[in-house]
There are 2 protein chains.
Amino acid sequence: MHTDPIPEPILRRLPRYYDTLKHLRASGQETVSTTVLAEAFPDVHPTQIRKDLAVTGIQGRPKVGFSITDLLAAIETFLHWNNQSEAFLVGAGSLATALLGDPGLWQTGIKVVAAFDNSPRKIGTEIRGIRVLSMDKFENLARRMRIPIGILTAPGFAAQDCADRMVKAGMRAIWNLTPVNLVVPEGTIVEHVDLFASLAVLGRKLREQQ
Amino acid sequence: MHTDPIPEPILRRLPRYYDTLKHLRASGQETVSTTVLAEAFPDVHPTQIRKDLAVTGIQGRPKVGFSITDLLAAIETFLHWNNQSEAFLVGAGSLATALLGDPGLWQTGIKVVAAFDNSPRKIGTEIRGIRVLSMDKFENLARRMRIPIGILTAPGFAAQDCADRMVKAGMRAIWNLTPVNLVVPEGTIVEHVDLFASLAVLGRKLREQQ
């Protein structure tokens with residue numbers, strides 16, 4: 001197992017190579033060179049692609065390139081997709097539906113095992129095959145199942161409270177999709193995606209250009 | 001009109017203050033001090049909140065604080081919410097549904113006027129009141145209506161092609177919600193939100209901690 005921290009940009013690019021390699025294999029190809037791969041990634045320098053693939057530990061062969069099947073397996077192993085971490089999702093709204101329906105989700109190596117909501121209208125339903133449970137059961141289940149990850153898609157006003165409950169339930173990482181900057185104890189990992197903040201920035205840049 | 005670029009963190013925080021102010025007003029309050037506001041934002045220093053509000057040009061009164069109504073109006077004007085930019089959305093999937101149903105969207109001052117998709121199953125339907133049109137009509141309509149913003153929620157493999165079409169249609173800014181790093185001409189504004197990349201980073205950090 002790799003213990004050195006891998007640079008984030010590489011972690012972000014590997015799933016993109018993976019998708020392209022899947023497409024190449026589906027179209028009948030068995031091997032691929034970094035030169036060919038580079039054509040699909042005009043934003044990444046071929047040397048960088050070579051370095052990125054090297055972190056998975058796989059070697060290409062001169063003039064032949066990489067076996068696509070081996071490369072796919074190496075990326076899967078490297079990113080621990082075959083050793084998934086479990087997550088609970090809080091806030092069973094339309095963003096939850098979008099996330100749970102996206103093939104990008106399982107590729108991150110994270111498996112959502114249950115969703116939680118306060119709304120009686122949602123409790124007992126399913127989103128993309130994932131059961132929606134009452135928030136009353138959240139801490140108890142999370143602790144019993146030792147779930148390490150909380151995915152936060154609740155409304156902004158409830159975000160800090162949900163995060164506090166995740167921390168109390170022993171969760172070590174929170175994927176925060178609300179606009180709120182969460183306050184969490186040191187050591188708790190938070191990745192924050194503030195969707196509309198980036199759109200607001202875009203709008204502002206556009207107006208400044210005028 | 002403000003022409004100096006405003007620091008992005010301020011642009012990201014103002015909509016959060018706005019939400020809280022709305023809640024305060026709904027609960028019957030007419031004025032607010034930065035001290036009270038600070039309680040709702042444990043992650044922002046009160047001095048910073050004061051500075052943030054100052055960019056909108058509004059003045060608080062000693063011992064009284066801000067008129068909530070005036071402050072809401074000042075933020076609206078400052079962020080040009082009352083002077084919306086129009087956008088076309090490409091890719092009418094579940095992420096589009098989540099975005100179009102989120103009150104955060106209009107607060108960014110950006111108004112989605114139409115959605116586009118290739119799928120005959122989706123063309124002619126509506127998402128949250130927004131009509132889904134065929135991609136065949138995209139460039140023509142975008143140019144005729146002088147739409148400045150493209151919102152990209154298409155699948156990754158189609159992303160660069162859609163972005164090229166947005167640029168050709170004269171769009172000046174792209175909100176990219178795909179995993180693809182787009183290649184665009186200089187001067188085109190791109191804000192990229194790579195959802196699952198941040199989740200992959202979270203998963204990796206979690207495993208490194210173990």
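In chain A of this predicted model, residue A:Arg146 lies in the loop that links helix α7 (138-145) to strand β7 (149-152). The phi angle of A:Arg146 is near 50 degrees, a positive value in a residue other than glycine. A:Arg146 takes this positive phi just after α7(A). The residue counts as exposed, because its relative accessibility is 74% and the exposed class begins over 50%. In chain B, B:Arg146 occupies the loop between α7 (138-145) and β7 (149-152) of that chain. Its phi is likewise positive, near 50 degrees, in a residue other than glycine. With a relative accessible area of 73%, B:Arg146 is exposed.

The helix that precedes A:Arg146 contains several buried positions. In α7(A), these are A:Phe138, A:Glu139, A:Leu141 and A:Ala142. The buried residues of α7(A) pack against three strands of chain A, namely β3 (85-90), β4 (110-117) and β6 (130-134), and against helix α8 (156-168) of chain A.

The overall architecture of chain A may be described next. Chain A has nine helices and nine strands. Its C-alpha atoms fill a box of roughly 60 × 50 × 35 Å, taken along the principal axes. Of its 210 residues, 52% count as buried. Among the contacts in chain A with a separation of 6 or more, 58% are accounted for by residues 24 or more positions apart in the chain.

The relation between the two chains was examined by superposition. Chain B is superposed on chain A by a rotation of 180 degrees, with 0.0 Å of shift along the rotation axis and an RMSD of 0.1 Å. This is therefore the relation of a two-fold axis. Both copies use the same surface, as 100% of the contact residues of chain B recur in chain A.

Helix α4 (residues 68-78) of chain B illustrates how burial can be distributed around a helix. Its buried residues are B:Ile68, B:Leu71, B:Leu72, B:Ala74, B:Ile75 and B:Phe78. Seen down the axis of α4(B), these buried residues fall within an arc of 160 degrees, and they therefore line one face of the helix. In general, an α-helix has 3.6 residues a turn, so residues three or four places apart point the same way. The cover over the buried residues of α4(B) includes elements of both chains: α9 (195-209) of chain A, together with α1, β1 (31-32), α3 and β2 (66-67) of chain B. Just after α4(B), B:His80 takes a positive phi of about 60 degrees.

Two of the covering elements, α1 and α3 of chain B, also contact each other. In general, two packed helices are described by the angle between their axes and the distance between the axes. The axes of α1 (residues 8-26) and α3 (residues 46-54) of chain B come within 10 Å and cross at roughly 95 degrees. Because angles of 65 to 115 degrees count as roughly perpendicular, α1(B) is roughly perpendicular to α3(B). On the side of α1(B), the contact is made by B:Ile10, B:Arg13, B:Leu14 and B:Tyr17, while α3(B) provides B:Gln48, B:Ile49, B:Asp52 and B:Leu53. By class, this contact of α1(B) with α3(B) comprises five nonpolar residues, one polar residue and two charged residues.

Notes
Residues numbered from 1 in each chain as written. Chains lettered and ligands numbered in written order. Predicted model: local features only at pLDDT ≥ 70, side-chain atom pairs only at ≥ 80, totals over all residues. Heavy atoms only, no water. Axes fitted to C-alpha atoms, helices over the stretch in contact; angles between N-to-C directions. Helix = DSSP H or I, 4+ residues; strand = E, 2+ residues; numbered from the N terminus. Parallel < 35°, antiparallel > 145°, perpendicular 65-115°, else oblique. Contact = heavy atoms within 4.5 Å. Nonpolar A, V, L, I, M, F, W, Y, C, P; charged D, E, K, R; others polar. Buried < 20%, exposed > 50% of the residue type's maximum accessible area, 1.4 Å probe, protein only. Arc of directions from axis to C-beta. Least-squares fit on C-alpha atoms with pLDDT ≥ 70 in both.
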